[in-house]
Amino acid sequence: MRAPGLGASLLAGVVLLLLVGLPLAGLVGAVVSPPPDPLGGQPQLAQVLAQSGVGGLLARSLLLSVAVALGATVVGTGFAWAEARLDFWGRRWLPLLALLPLATPSYLLAASVAEGLPGRPRGLWAAAAVLIVVTAPYVQLVVGSALARQSAAEEEAARCLGASPTRVFRSIVFPRLRGSMGLGGLIAALYAISDFGAVAVLDAPVLTWRLFQAVKAASLAKAAILGLATLGATVPLLVAARAFRGRAAASAVANPRPPARRRVSPLASALLASAFSVVIGLGVALPVLTLSRWVWDGVERGLPFAAPWSPLLQTAGLALVGAALLVLLVAVPARAVAGRAPGASLLEEGVFITSALPGVLLAFGLMLAALMASRMTPAAGPLYAALLGSGCLLLLGYSTRFAAESYSPVRSAFAAIDPRLRESARVLGGPLLRWTLRVELPLLAPGLAAGLLLASLAILKELPVTLLLGGAMGVQTLAFRVWDRYREALWHDAGLSGLLLIALSLGLVLLTLRWRRSA
């Protein structure tokens with residue numbers, strides 16, 4: 001019932017160290033002491049660096065992430081501005097439909113682009129276009145939230161004093177949006193640099209795809225070098241986003257009055273509707289139509305379909321269990337940060353650092369950490385097999401990969417609890433368990449539910465962590481089925497599994513939008 005103190009900070013630090021420390025320890029250990037090459041011999045670090053082509057892969061990965069960050073920031077900010085400030089045809093439903101690409105996994109959208117568009121585009125720029133469509137809704141959500149908190153008072157006062165619209169935007173509006181635009185751009189950049197499915201389908205040679213190939217080929221020394229290079233590529237992105245957001249102005253208006261919407265011309269309204277339609281068409285309509293065409297082609301040709309029920313149940317079960325574990329883990333730092341425990345700002349940075357690790361990288365790092373333990377202690381060999389085969393490493397990988405997704409609503413839920421309630425319970429001498437069950441949990445329920453929804457949506461679509469850490473226990477989720485059938489050119493099966501995956505994801509996205517609207 002007391003405010004979080006040093007003990008809460010230490011416990012939160014242990015949780016974050018578990019999430020981010022294990023994969024990093026595995027990577028560093030593999031670089032310092034490279035595992036034997038599968039063809040024999042002990043590889044040298046200089047030899048691995050010379051043969052892996054790290055420099056070119058790193059440059060292409062950074063180019064992809066910067067392009068996606070800029071494109072997603074422009075598109076997402078424009079959509080958020082149109083939703084909040086403009087009066088145009090379709091303004092009530094087009095911005096909501098533009099958020100639905102959140103339900104489409106990047107590898108499904110990439111497969112639809114590669115097979116459904118004329119010319120079958122591939123390569124780095126095709127991957128950038130796909131990832132812009134996938135990540136623009138994240139920027140739209142973040143910037144839209146900032147716009148909803150802005151008040152019209154300052155802008156109206158500036159206009160009354162003779163300021164031009166351009167000066168009002170530059171002096172008042174942009175400083176208020178700068179932090180949210182930087183955060184949205186960072187989310188898009190980290191998503192792009194950690195993406196595996198889209199770059200693999202579209203044959204874009206970047207770090208994550210080469211890392212996955214090295215892991216599958218058991219070239220652990222090369223994979224470790226590529227893993228550290230991938231981690232190093234996130235550092236300039238974090239620094240740049242921090243510098244962009246560092247001087248962002250904060251609004252201190254308690255009850256903001258939204259500015260009046262500006263009516264746009266018919267031509268501008270048509271252009272806006274066209275821009276929304278392109279994103280909606282590429283992000284939702286094209287994948288659904290392409291997958292449906294694959295399924296219909298299989299039906300017409302009389303091809304047998306693999307039963308989708310086992311992957312469907314495995315997907316739903318892993319999403320629920322993984323999301324529940326994730327919410328429990330992030331609740332520890334969320335409570336400490338909301339209660340302003342010692343080191344709260346460092347704890348919050350640690351949460352976002354965990355989710356900056358690409359899925360392939362953290363899965364590989366967890367495998368290496370378990371292998372290091374087995375090499376250090378003979379009795380740990382069966383323990384490694386048990387951890388991998390029982391799904392513990394898989395659930396830990398999900399928790400590390402998606403900590404940031406569920407952290408924000410859970411932290412907001414803890415921050416919204418009036419500290420006077422805790423003080424009243426302490427004065428009245430009520431038991432801690434009764435306070436938790438009757439008062440705290442009902443107040444936390446909306447935030448916990450939102451965190452559970454967001455984490456479930458993220459786990460549903462996850463591919464590399466499932467491929468690398470779920471194979472030992474025979475996990476075949478819908479994402480795994482789509483990937484496996486697509487690589488085998490069994491498109492009718494890939495289409496059926498893809499449609500089921502999109503249907504599940506769309507259901508969670510719609511629930512999330514309902515929570516967003518009510519909030």
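The exercises below treat one helix, several salt bridges and one helix pair in a predicted model.

Residues are numbered from 1 along each chain as its sequence is written. In this predicted model, local features need pLDDT of at least 70, side-chain atom pairs count only at pLDDT 80 or more, totals for chains, interfaces and linings use all residues, and side-chain values use heavy atoms, with hydrogens and water left out.

**Exercise 1. Compare the expected span of helix α13 with the distance between its end C-alpha atoms.**

Step 1. Helices are DSSP runs of H or I with at least four residues, numbered from the N terminus. Helix α13 covers residues 309–338, which is 30 residues.

Step 2. The expected span is 1.5 Å times one less than the number of residues. For α13 this gives 44 Å.

Step 3. The end C-alpha atoms of α13 are 42 Å apart, which agrees with the expected span.

Step 4. The helix has a kink of about 30° at Ala331, shortly before the proline Pro333. The bend at a residue is the angle between axes fitted to the seven residues ending there and the seven starting there. Just after α13, Arg340 has a positive phi of about 55°.

**Exercise 2. Classify the partners of three salt bridges as buried, partly exposed or exposed.**

Step 1. A salt bridge needs a side-chain nitrogen of Lys or Arg within 4 Å of a carboxyl oxygen of Asp or Glu. The structure holds eight salt bridges.

Step 2. Buried means under 20% relative accessible area, exposed over 50%, and partly exposed in between (1.4 Å probe, protein chains only).

Step 3. Asp87 pairs with Arg91, with the closest N and O atoms 3.2 Å apart. Asp87 is partly exposed at 23%, and Arg91 is partly exposed at 22%.

Step 4. Arg301 pairs with Asp297 at 3.1 Å between the closest N and O atoms. Arg301 is exposed at 57%, whereas Asp297 is partly exposed at 33%.

Step 5. Arg485 and Asp493 form a salt bridge at 3.3 Å, N to O. Arg485 is buried at 17%, and Asp493 is buried at 5%.

**Exercise 3. Describe how helices α5 and α22 pack.**

Step 1. Helix α5 spans residues 106–116 and helix α22 spans residues 478–487. Their axes are 11 Å apart, at an angle of about 30°.

Step 2. Angles under 35 degrees count as roughly parallel, over 145 as roughly antiparallel, 65 to 115 as roughly perpendicular and the rest as oblique. Therefore α5 and α22 are roughly parallel to each other.

Key: Helices (H or I, at least four residues) and strands (E, at least two) are DSSP runs, numbered from the N terminus. Axes are lines fitted to C-alpha atoms, for helices over the stretch in contact, and angles run from 0 to 180 degrees between N-to-C directions.
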